[in-house]
Amino acid sequence: MIIAVVVILVLIVLGLILYNVNIHKKIQKFKNMNQKITNLYVVQDFMNAIGETSTVEQKIKKINDILIDRYEIKYSTIVVFDGAEYQVKASNVDEKHWGSLKSLQNVDMFKDSIESATPKYVTVNHENERLPYQEMEFGRAKSAIFFPLYIDNVYIGYWIIESGTPHDFDNVDTTVLEVIKENIVSVLKTIVHQKTLESIVRKDLFTGLYSEEYLYGEGKKIIDQYTVSTICMFKIINIQEINKNYSRELGNKVITEISNYIKENISQDYVFVRYMGPKFVIAFSGVETNGVVDFLNEIKEKIEEMEIEITQEEAEVQQSNLEVNKKKKQTKGVDYREVAKPKLNFVISSYYKGTGLEEVLKKLEEYLDHAESSESDITNI
């Protein structure tokens, strides 16, 4: 009888053990699933941050805030090497500590981490101790994980998370942190291209208009405030003829006169840039194509009625070209006077927020480049 009771108790205990193991597996599975969902939300938040904010610096700060909020990280700092020095691009640590935080590449324990491309976990055992890289502070951080960041195997900086509790990261899921790190790298890779565009944006010498690159940075931010916009590209189709038959000075004046006229007659909410050579782009933000055709017809008519003249005094800016033109005019027995009437060819297309602006521009440019040289129209493609 006693043996039977013991056997039953043993079976009950084994059953409870199996039940607990099964419950533990389910809990772990749920945690993993919940973590995957959190990661997906973070990735989505990252993408939203790229689209919503303006400058590269704002984007990096935004994604750092997302990390702190979503993963309940006490301190998070992203440091990037810009080619000349290390800069703290985002941090919720008091700025007085940034000096040490942007010098971690000089700390021996982190040098090894950078060389091996592996994270480094450091912690203290007692509250009165401090982490090796801390110079002036004692109470802020008691444990930290350092992640070197690479883009295409090129070291670009690091991400460091810190806690005010010793051994706080002992049981942290490092695979999750690696996923977060890769997300940071992906975002940095994306905004590196934007930073390049921001640095090469320039203003055209003759027109004072921004160059093509402006469209992909600040310009796109303005355009993407609306779901649908109209992109218009136009070309001065007889500019080469003007340069050849008259002078490049007159050609330059044709370009500036047209640019000034359009600038004075369009809303400041629209983006107007000199795209390339005789090609220009107007982005009618928030306006559909049928809302711009009449306006463009009027603009085209007014410009093509212009008689743009260059005087001798204006041409004297470049003496060499002036002498050539003087001889050309003298052989014809006429006074030195040059007048040109521009001809324009327009093409428009719809642009939808979130799609490739560069693809729309490429399509418009290809149309103008392959159009008949005599075509002077407004075409919707």
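Of the 381 residues of the protein chain, 43% count as buried. What you have in front of you is a predicted model, so please hear everything that follows as computed from that model. The chain holds 12 helices and 12 strands. Its accessible surface comes to about 21,600 Å², and 51% of that belongs to carbon and sulfur atoms. Among contacts with a separation of 6 or more, 66% are made by residues 24 or more positions apart.

Now the interior. In soluble globular proteins, nonpolar side chains tend to be buried together. Here the largest nonpolar core has 29 residues, and F234 and I262 have the most contacts inside it. Which elements give two or more residues to this core? They are strand 6, residues 228–236; helix 7, 239–245; helix 8; strand 8, 279–284; helix 9; strand 9, 308–310; and strand 11, 344–352. Helix 8 gives the most, with five residues.

Take F234 as an entry point. Leaving out residues up to four places away in sequence, F234 touches I258, I262, F272, P278, K279, F280, I282, L344, N345, F346 and L368. Apart from this core lies another one, of 23 residues, which includes F147, I151, I184 and V185.

Next, helix 8 and helix 9. Helix 8 covers residues 248–265 and helix 9 covers residues 293–304. Their axes come within 11 Å and cross at roughly 145 degrees, and the crossing is right-handed. On the helix 8 side, the residues in the contact are I258, Y261, I262 and N265. Facing them from helix 9 are F295, I299, K302 and I303. By class, the contact divides into six nonpolar residues, one polar and one charged. Note that I262 turns up here and is also one of the two residues with the most contacts inside the largest core.

Two neighbours in strand 8 are worth a look. F284 is in that strand. Is F284 buried or exposed? It is buried, because its relative accessible area is 2% and the cut-off for buried is under 20%. F284 and T230 are 54 residues apart in sequence, yet their C-alpha atoms are 5.1 Å apart. Beyond its sequence neighbours up to four places away, F284 touches S229, T230, C232, Y270, V292, F295 and L296. F295 is also part of the contact of helix 8 with helix 9.

A283 lies in strand 8 as well. At 0% relative accessibility, A283 counts as buried. The C-alpha atoms of A283 and D269 are 9.1 Å apart, with their positions 14 residues apart in sequence. Its contacts, again setting aside neighbours within four places, are I223, T230, I231, Y270 and V271. T230 and Y270 are thus in contact with A283, and they are touched by F284 too.

Now two loop residues. L104 sits in the loop between helix 3, residues 98–101, and helix 4, residues 108–116. Loop or not, L104 counts as buried, at 0% relative accessibility. Leaving aside neighbours within four places, its contacts are F110, Y133, F146, Y158 and I160. L104 and V79 are 25 residues apart along the chain, and 9.5 Å separates their C-alpha atoms.

K341 is the other one, in the loop between strand 10, residues 338–340, and strand 11. K341 counts as partly exposed, because its relative accessibility is 45% and that class runs between 20% and 50%. K341 touches N238, E304, E305, M306 and E307, not counting residues up to four places away. From K341 to I239 there are 102 residues in sequence and 9.8 Å in space, C-alpha to C-alpha.

Last, some backbone geometry. Most residues other than glycine have a negative phi. Which residue in the loop between helix 4 and strand 3 should we check against that? A117 is found there, with strand 3 running over 120–123. A117 has a positive phi of about 60 degrees although it is not a glycine. It is partly exposed, with a relative accessible area of 40%.

H167 also has a positive phi of about 60 degrees, and H167 is not a glycine either. Its place is in the loop between strand 5, residues 154–163, and helix 5, residues 174–200. At 34% relative accessibility, H167 counts as partly exposed.

Terms used. Residues numbered from 1 in each chain as written. Predicted model: local features only at pLDDT ≥ 70, side-chain atom pairs only at ≥ 80, totals over all residues. Heavy atoms only, no water. Axes fitted to C-alpha atoms, helices over the stretch in contact; angles between N-to-C directions. Helix = DSSP H or I, 4+ residues; strand = E, 2+ residues; numbered from the N terminus. Left-handed = near helix turned anticlockwise from the far one by under 90°. Contact = heavy atoms within 4.5 Å. Nonpolar A, V, L, I, M, F, W, Y, C, P; charged D, E, K, R; others polar. Core = buried A, V, L, I, M, F, W, Y, C linked by side-chain atoms within 4.5 Å. Buried < 20%, exposed > 50% of the residue type's maximum accessible area, 1.4 Å probe, protein only. Areas by Shrake-Rupley, 256 points an atom, 1.4 Å probe, with all protein chains shown as cover.
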